[in-house]
Amino acid sequence: MDIIKSLMAAKEGNPDSINAIIKHYEKFIYFELNKYNIQDKSTCYENIKSNIMKAIYLFKIQEKFS
């Protein structure tokens with residue numbers, strides 16, 4: 001599934017799509033947590049997941065018309 005279809009499904013509340021988007025960025029999230037020496041990684045990770053979920057609903061997706 002491409003990113004646009006994943007976002008569209010996530011905006012509709014599909015938990016699998018939401019988890020797939022978060023999973024896609026998981027390595028980067030942990031890289032940044034280590035880079036900035038965050039001590040409470042689990043709480044910070046949960047906050048980031050929450051922010052990603054909120055951001056998903058803010059995306060505006062327009063379909064192209066030929």
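Asn 37 counts as exposed, since its relative accessibility is 53%. The cut-offs behind that word are: buried under 20% relative accessible area, exposed over 50%, and partly exposed in between, with a 1.4 Å probe and protein chains only. Before you go on: this is a predicted model, where local features need pLDDT of at least 70 and side-chain atom pairs count only at pLDDT 80 or more, while totals for chains, interfaces and linings use all residues. Residues are numbered from 1 along each chain as its sequence is written, and side-chain values use heavy atoms, leaving out hydrogens and water.

**Exercise 1. Asn 37**

Find out where Asn 37 sits and what its phi angle is.

Solution. Start with the place: Asn 37 belongs to the loop between α2 and α3. Next, look at the backbone: phi of Asn 37 is positive, about 55°, although this residue is not a glycine. Put that together with the exposure at 53% relative accessibility, and you have a first picture of this loop residue.

**Exercise 2. The overall build**

Work out which elements the protein has and how spread out the chain is.

Solution. Step one, count the elements: there are three helices and zero strands. (Helices are DSSP runs of H or I with at least four residues, strands are runs of E with at least two, and numbering starts at the N terminus.) Step two, read them in order from the N terminus: α-α-α. Step three, check the spread: the radius of gyration is 14 Å, well over the 11 Å that the globule rule gives for 66 residues, so the protein is more spread out than a compact globule. That radius is taken over C-alpha atoms, and the rule is 2.2 Å times the number of residues to the power 0.38. Step four, take the spans: along its principal axes the C-alpha trace covers about 50 × 20 × 20 Å.

**Exercise 3. Inside and outside**

Describe how much of the protein is buried and what its surface is made of.

Solution. First the inside: 21% of the 66 residues count as buried. Then the outside: the accessible surface comes to about 5500 Å², and 57% of it belongs to carbon and sulfur atoms. (The areas come from the Shrake-Rupley method with a 1.4 Å probe; for residues, only the protein chains shown count as cover.)

**Exercise 4. The nonpolar core**

List some members of the largest nonpolar core and say which helix gives the most to it.

Solution. Begin with the members: the core has 10 residues, among them Leu 7, Ala 10, Tyr 45 and Ile 52. (Such a core is a set of buried Ala, Val, Leu, Ile, Met, Phe, Trp, Tyr and Cys residues joined through side-chain atoms within 4.5 Å.) Now sort by helix: α1 (3-11), α2 (15-35) and α3 (41-56) each supply at least two residues. The biggest giver is α2, with five residues. For a close-up, pick Ile 52: leaving out residues up to four places away in sequence, it touches Ile 21, Ile 22 and Ile 29. Touching, or contact, means heavy atoms within 4.5 Å.

**Exercise 5. The segment after α3**

Which residues does Ile 61 touch, beyond those up to four places away in sequence?

Solution. Locate Ile 61 in the segment after α3. Its partners are Ile 4, Leu 7, Met 8 and Lys 11. Ile 61 and Ile 4 are 57 residues apart along the chain, yet their C-alpha atoms are separated by 7.8 Å. Ile 61 counts as partly exposed because its relative accessibility is 28%.

Now view the pairing from α1, where Met 8 is found. Leaving aside neighbours within four places, Met 8 is in contact with Ile 61 and Glu 63. Lys 11, also in α1, has contacts beyond four places that include Tyr 57, Phe 59 and Ile 61. At 30% relative accessibility Met 8 counts as partly exposed, and Lys 11 does at 31%.
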